[in-house]
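Please find below a colleague's note on the structure, set out as numbered points for consideration alongside the coordinates.

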Amino acid sequence: MSGGQFISFEGGDGCGKSTQLKLAAAWLREQGVQVLETREPGATDLGLELRRLLLSGEYVPVPECELLLFLADRAQHVKAMIQPALARGEWVLCDRYSDSTLAYQLAARGLSDSADLKPMLDFAEVGASPDKTFWLDIPAEAALQRVSARTNMGEESTRLDEEALSFHQQVHAGFAAIYREHTMRIHRIDATNTIDCIHQEIRLQLQGMLG
């Protein structure tokens with residue numbers, strides 16, 4: 001059995017990454033792997049408060065403030081949870097990580113046009129970078145239909161869920177650009193497929209990582 005692995009699940013709102021993370025974690029546990037399921041923002045006690053500030057809509061931060069709050073959550077998350085789990089030999093499955101920051105804050109908010117912020121993202125990671133990323137790729141229009149359906153069924157939407165279609169299209173374009181730059185790390189998955197089909201594709205990739 002190989003040592004700890006750090007795997008991130010990425011994609012726009014409504015892509016199904018949270019569902020696939022849970023399925024992957026359950027399958028890994030069946031193989032005898034110790035797994036930490038986690039997310040950003042909001043995995044730590046401090047992160048929960050940051051998540052509320054970021055996503056509730058009670059306050060609307062300017063893009064620069066939004067970026068810094070996400071990075072503060074990440075630094076706390078890495079030091080308090082991700083690094084200790086990896087040190088114990090556990091596999092860490094994370095719902096969103098730095099690629100989401102690149103797609104949402106830098107690409108869709110336009111912050112990448114104003115300065116080179118990559119060093120700041122690296123600093124917030126505190127040395128913890130994913131070994132593998134699953135990007136669940138779905139057109140923004142289809143993803144927002146899923147978000148709307150969930151909301152109609154009583155699930156609470158977030159401030160970012162409620163952004164305009166153009167924002168989510170820019171997010172998708174941001175993820176696509178990240179994928180083109182990191183094809184060795186990122187495995188693109190057609191998220192319009194069925195839940196089981198996507199899970200089987202992820203499972204095949206995980207089998208190759210088990211060693």
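The points that follow concern a predicted model and address two acidic residues and one helix.

1. Glu-10 belongs to strand 1, which spans residues 6-10. Glu-10 is buried but forms no salt bridge. Arg-96 carries the nearest side chain of opposite charge, at 4.1 Å; because a salt bridge requires a side-chain nitrogen of Lys or Arg within 4 Å of a carboxyl oxygen, the pair is not counted as one.

2. The side chain of Glu-10 does have a polar partner: a contact of 2.4 Å links it to the side chain of Ser-100. Leaving aside residues up to four places away in sequence, Glu-10 also touches others, including Lys-17, Tyr-97, Thr-133, Trp-135 and Phe-175.

3. In helix 2 (residues 45-55), the residues Gly-47, Leu-50, Leu-54 and Leu-55 are buried. They lie on the same side of helix 2, because the arc they cover around the axis is only 105 degrees. The buried residues of this helix pack against helix 3 (63-87).

4. Gly-57, located just after helix 2, adopts a positive phi of about 90 degrees.

5. Asp-137 is part of strand 4 (residues 132-137). Its relative accessibility is 10%, so Asp-137 counts as buried, the cut-off being under 20%.

6. A polar contact of 2.5 Å connects the side chains of Asp-137 and His-172. Beyond residues up to four places away in sequence, Asp-137 touches His-172 together with Arg-188, Ile-189, Asp-190, Ala-191 and Thr-192.

Definitions and conventions: Residues are numbered from 1 along each chain as its sequence is written. This is a predicted model: local features need pLDDT of at least 70, side-chain atom pairs count only at pLDDT 80 or more; totals for chains, interfaces and linings use all residues. Side-chain values use heavy atoms; hydrogens and water are left out. Helices (H or I, at least four residues) and strands (E, at least two) are DSSP runs, numbered from the N terminus. Buried means under 20% relative accessible area, exposed over 50%, partly exposed in between (1.4 Å probe, protein chains only). Lys and Arg count as positive and Asp and Glu as negative; His and the chain ends are not counted. A polar contact is a pair of N or O atoms within 3.5 Å; within protein, one must be able to donate a hydrogen and the other to accept it, and residues adjacent in sequence count only if both atoms are side-chain atoms. Contact means heavy atoms within 4.5 Å. The arc is that of the directions from the helix axis to the C-beta atoms.
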